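Biologist: Please take one part of this chain and go through it closely. I would like the geometry, the burial and the packing, with the cut-offs stated.

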Amino acid sequence: MATISTPPERASRTRTPRLLRDAQAGALVEAFVVIGILTILVTRAYLHATGYPQVGGATLHIAHALWGGLGMVVALVVVFSFLGALPRMVAVVAGGIGFGLFLDEVGKFVTKTNDYFFQPSVAIMYVVVVALLLINRWIHDTRTQTAAEDLANAAGTAADGLTHGLTPHRLATARRQLRRAAEAGVDPGAIAGVEDLLSRCAPRGTGRLDVAGTWLRVHLSRVFDGPRAVWVAAIALALFSTAGVVNAVVTLAEDLEGGTGTDITTIGQMCGSAAAFVLCWVAIARLRGGRTWPVRMLRIAALVTILLTEVFNFVAEEFGALINVAVGLSALVVFSRRISVLEREPVELSE
């Protein structure tokens, strides 16, 4: 009997990727990083308040990097050993705390003198955190979920829901994933099997955290998605960049006048602030009219501030640069949300 071969084009489209992405992993990685940052801040504050005590007595010194390693091991063992959403949240918390404790002592790892107070260590922590967040976004934002990933995520939700039940939000998300998988040509039998499992999942009431999350999303949308928020963030970032340029120029002039030479940190601050300064004021001049490209320029300015200027600020000011980072991150959130709204509007109008 003759066999029907699959055309190469169709085979390439239906080939399942080796690595399937978890639809919830992006948020979990971000939570992991945020917990790590909070752990660093709490640890530094506690050590400063208590006079930097040492555990281990006169001979030994049990550095808190070891406790950080233990926390990350606990996170891995929990994820390897148990199924479901709760173990993953435990792993995120334990791993985030462990990561923060480990990263807090990076100064000891990069200096011959094991200097915990090595000044550039805060900048190293910042670069590591930003790199993790960028890699996370690259993994999850460079391409949409494939049909195989939609099917696998829906099946995972169904498996968890059979024992723990599903909230209306998780059930709706899983069925939306199944619809996308069906439209992409996934085996109807597989779609029907997962749908059957979802229909057998007991309904679970929406918890307080879910209600609080919904309320927060609605109110954040009202505050951050409108044009007024863009104007406020744009002016704030522009003034911040202007102040950065002025401060860098004054510092550079004082260094040259004093004969100490130019500092690469000051030059880096000036370059980053100058780039953001130009982008911000050009975009503000063209912001009226509801076009997207000025907001994209503002987002680039916020990224320059976060990825370039703040690295040098952390070298110079250590934790004093956290306020500067808050300004850049807040502006980035506002511009990104506004771009999403502007890109959605033509589609909604056409419908």
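Modeller: What follows is a look at helix 3, with helix 9 after it. This is a predicted model, in which local features need pLDDT of at least 70 and side-chain atom pairs count only at pLDDT 80 or more, while totals for chains, interfaces and linings use all residues. Residues are numbered from 1 along each chain as its sequence is written, and side-chain values use heavy atoms, with hydrogens and water left out.

Helices are DSSP runs (H or I, at least four residues), numbered from the N terminus. Helix 3 covers residues 64-81, 18 residues in total. From first to last C-alpha helix 3 reaches 26 Å, close to the expected 26 Å (1.5 Å times one less than the number of residues). Its buried residues (under 20% relative accessible area, 1.4 Å probe, protein chains only) are His64, Ala65, Gly68, Gly71, Ala75 and Val78. Seen down the axis of helix 3, these fall within an arc of 140°, so they line one face; the arc is taken over directions from the helix axis to the C-beta atoms. Leu66 and Phe80, on the other side of helix 3, are exposed (over 50%). The buried residues pack against helix 2 (25-50), helix 4 (85-104) and helix 5 (106-110), where contact means heavy atoms within 4.5 Å.

In helix 9 (residues 188-199), Ile191, Val194 and Leu198 are buried. Seen down the axis of helix 9, its buried residues fall within an arc of 70°, so they line one face of the helix. Their cover includes helix 7 (147-164) and helix 8 (168-183).

Terms used: Helix = DSSP H or I, 4+ residues; strand = E, 2+ residues; numbered from the N terminus.
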